[in-house]
Amino acid sequence: MTTQTASAADVILSARGLSKRFAGFVAVNGVDLDVQRGSIHALIGPNGAGKTTCFNLLTKFLQPSAGTITLNGRDITRMPAADIARLGLVRSFQISAVFPKLSVLENVRIALQRRRGDSFDFWRSQTVLHQLDAEAMERIDEVGLSSFTNETAGELSYGRKRALEIATTLALEPEMLLLDEPMAGMAQEDVARISALIRKISANRTILMVEHNLSVVADLSDRITVLARGQVLSEGSYEVVSKDPRVIEAYIGAGHE
Ligand SMILES: Nc1ncnc2c1ncn2[C@@H]1O[C@H](COP(=O)(O)OP(=O)(O)OP(=O)(O)O)[C@@H](O)[C@H]1O
């Protein structure tokens, strides 16, 4: 095997020339991105850099104006979001995706049913639902919510809601997880808890996250892509990108510290 082949096989998600134009405004402009299998990769950049748009393109919530996206070497550019999830690329939804009136266990059970595509089970007997409990408990344990299994989701703290939301995402057995600002709105102690959780769930998965909290990015990421004005400004480890004068200038110019 040549070096080139080996490194291509290590790339799970790849974008080439990814672009998105909104009514004449180019939000993402020719982005090339390679996410290494098994890594934690962060997408950062000042406000308005195009991170969310890029994320929405990669998760197929938006259709690109130009460019291609491949997952495990397969072109997914024109594939609908639902099919992508079946291929193992799952986007974590915000807390609103958690059913607030249902318990932690019920929320994870529903996610497991979604994976199986058994929508009819939802209306069937309790017995059928309980068959999923053992697996649901494993997911709940994985995110550290075992003592909250029967708690109503809506009554959980913000950080625990996020953990539950991650558990429902894990229920879909993703090979790759895309996290949209996992630390948004978190209190400091929750940031530490969710950081540790992301590290833990990354053990046998690939993670791509958009995140504003740079100390979290520094702590977790193997590789960082910095976007500015819709383009890749810099890429590398935190060590490298944080010292890149173009990155410093872009952040200062945008009013960040
Ligand atoms: N649907 C849309 N229609 C028009 N312009 C849009 C649309 N979505 C995003 N934009 C513009 O594209 C640019 C990039 O936005 P985007 O939300 O992707 O940036 P971001 O890096 O995620 O910013 P932030 O850190 O503030 O969330 C912004 O100038 C934004 O106003």
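Helix 2 makes the greatest contribution to the shell around the ligand, supplying 3 residues. The structure is a predicted model, in which local features require pLDDT of at least 70, side-chain atom pairs count only at pLDDT 80 or more, and totals for chains, interfaces and linings use all residues. Residues are numbered from 1 along each chain as its sequence is written. Helices (H or I, at least four residues) and strands (E, at least two) are DSSP runs numbered from the N terminus. At least two shell residues each come from strand 2 (25–36) and helix 2 (51–58). The residues surrounding the ligand, taken as near if the C-beta atom, placed from the backbone, lies within 6 Å of it, include Phe22, Phe25, Asn47, Lys51 and Thr52. By class, the shell holds 4 nonpolar, 6 polar and 1 charged residues, with Ala, Val, Leu, Ile, Met, Phe, Trp, Tyr, Cys and Pro counted as nonpolar, Asp, Glu, Lys and Arg as charged, and the others, Gly among them, as polar.

An open sheet of mixed pairing is formed by 6 strands in the order 6-7-8-3-9-10, where pairing requires at least two DSSP bridges between two strands. Strand 6 (89–91) and strand 10 (231–236) are the edge strands, each pairing on one side only. The twist averages 20 degrees from one strand to the next, with axes fitted to C-alpha atoms (for helices over the stretch in contact) and angles running from 0 to 180 degrees between N-to-C directions. Strand 6 pairs with strand 7 (residues 176–180) in the parallel sense over 3 bridges, and Leu178 in strand 7 is the bridge partner of Arg91.
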